[in-house]
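Me: Please take a close look at a single part of this structure, one strand with its pairing and its side chains, and describe it in one connected account. I work at the bench, so please state the cut-off behind each term.

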Amino acid sequence: MLLASSIPANAATAQQAQPAAPAQATAVREPECIQPGNARLNPRFYWRNVFGARLGEGVIHESSSPNPFGGRIAPGSTFTFRWRPETTRNPVGAQYHIHRVNLASIMAVAHVESVTGPGSLSGTTLSAQETPPHKLGDTVVRFRIRPGTEGRTATLSSADHSLTTRWLFTNINNLWENTGSISFTVASRASLGCDSSSILG
């Protein structure tokens with residue numbers, strides 16, 4: 001014996017017309033996994049005349065959050081790099097300064113997800129023009145560590161920084177007051193103990 005359906009015809013039609021639930025659009029990302037360091041670089045620069053007297057000076061403010069430099073970070077994890085060149089004393093007659101930092105070593109192990117602020121990224125070089133007395137704001141670069149880079153090291157050094165200063169009708173060179181480098185290592189999640197969301201202290 002056939003039983004009649006208790007669902008009205010119009011309701012059954014409506015149920016058939018409903019679209020299927022959309023598939024998950026994005027893959028589930030791994031939780032952040034980083035053992036922060038406390039290494040910073042902040043290169044200082046200056047100009048001097050032929051007699052050795054200083055004509056002007058400045059500093060490149062750099063910081064990362066969370067800070068992988070001096071620590072370790074797992075693939076899939078992210079960090080932001082803040083960069084702000086500042087001329088604290090401008091040489092008389094200097095019109096503008098073009099600041100650059102080469103991020104090739106970091107970009108070899110990390111994707112750039114975004115760049116915001118006055119600086120621009122061309123290839124692996126981040127640059128910004130400073131026109132005193134106007135000050136630059138922070139340029140913020142967000143990185144995500146690439147999969148398959150475990151065991152590799154990324155380095156940022158004073159040698160990665162360069163500066164062009166326009167003075168009257170020519171360019172003048174600067175000197176760097178402090179030299180050195182900082183680095184971080186990409187480590188596996190297992191070695192960092194990150195089976196769940198973790199920022200290790």
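Reply:
**Strand β12 and its surroundings**

Strand β6, which spans residues 94-102, is joined to β12 by seven bridges, and the two run antiparallel. Strands here are DSSP runs of E with at least two residues, helices are runs of H or I with at least four, both numbered from the N terminus, and two strands pair if DSSP finds at least two bridges between them. The model is predicted, so local features need pLDDT of at least 70 and side-chain atom pairs pLDDT 80 or more, while totals for chains, interfaces and linings use all residues. Residues are numbered from 1 along each chain as its sequence is written, and side-chain values use heavy atoms, with hydrogens and water left out.

Within the pairing of β6 and β12, H97 has T165 of β12 as its bridge partner. Strand β6 is also joined by six bridges to β9 (residues 125-130), again in an antiparallel arrangement, and there R100 stands opposite S127 of β9.

Strand β12 itself covers residues 161-167 and includes W167, and H161 also lies in this strand. H161 is buried, with a relative accessible area of 5%, whereas W167 is partly exposed at 31%; buried means under 20%, exposed over 50%, and partly exposed in between, with a 1.4 Å probe and protein chains only.

The side chain of H161 makes a polar contact (N or O atoms within 3.5 Å, one able to donate a hydrogen and the other to accept it) with the side chain of E62, at 2.5 Å. A polar atom of the H161 side chain also lies 2.9 Å from the backbone oxygen of S157.

W167, by contrast, belongs to a nonpolar surface patch together with L168 and F169, and the accessible area of these residues together is about 360 Å². Such a patch joins nonpolar side chains within 5 Å, from residues with over 30% relative accessible area and no salt bridge.

Away from this strand, a disulfide (cysteine sulfur atoms within 2.5 Å) joins C33 to C194, with an S to S distance of 2.0 Å. C33 lies in strand β1 (residues 33-35) and C194 in the loop between α3 (189-192) and β16 (198-199), so the pair ties together parts that are 161 residues apart in sequence. The torsion about the S-S bond of C33 and C194 is about 85°, so this disulfide is right-handed, and both C33 and C194 are buried.

Definitions and conventions. Patches are made of residues with over 30% relative accessible area and no salt bridge: like charges are joined within 9 Å, nonpolar side chains (Val, Leu, Ile, Met, Phe, Trp, Tyr) within 5 Å. Accessible areas come from the Shrake-Rupley method with a 1.4 Å probe; for residues, only the protein chains shown count as cover. A salt bridge is a side-chain nitrogen of Lys or Arg within 4 Å of a carboxyl oxygen of Asp or Glu.
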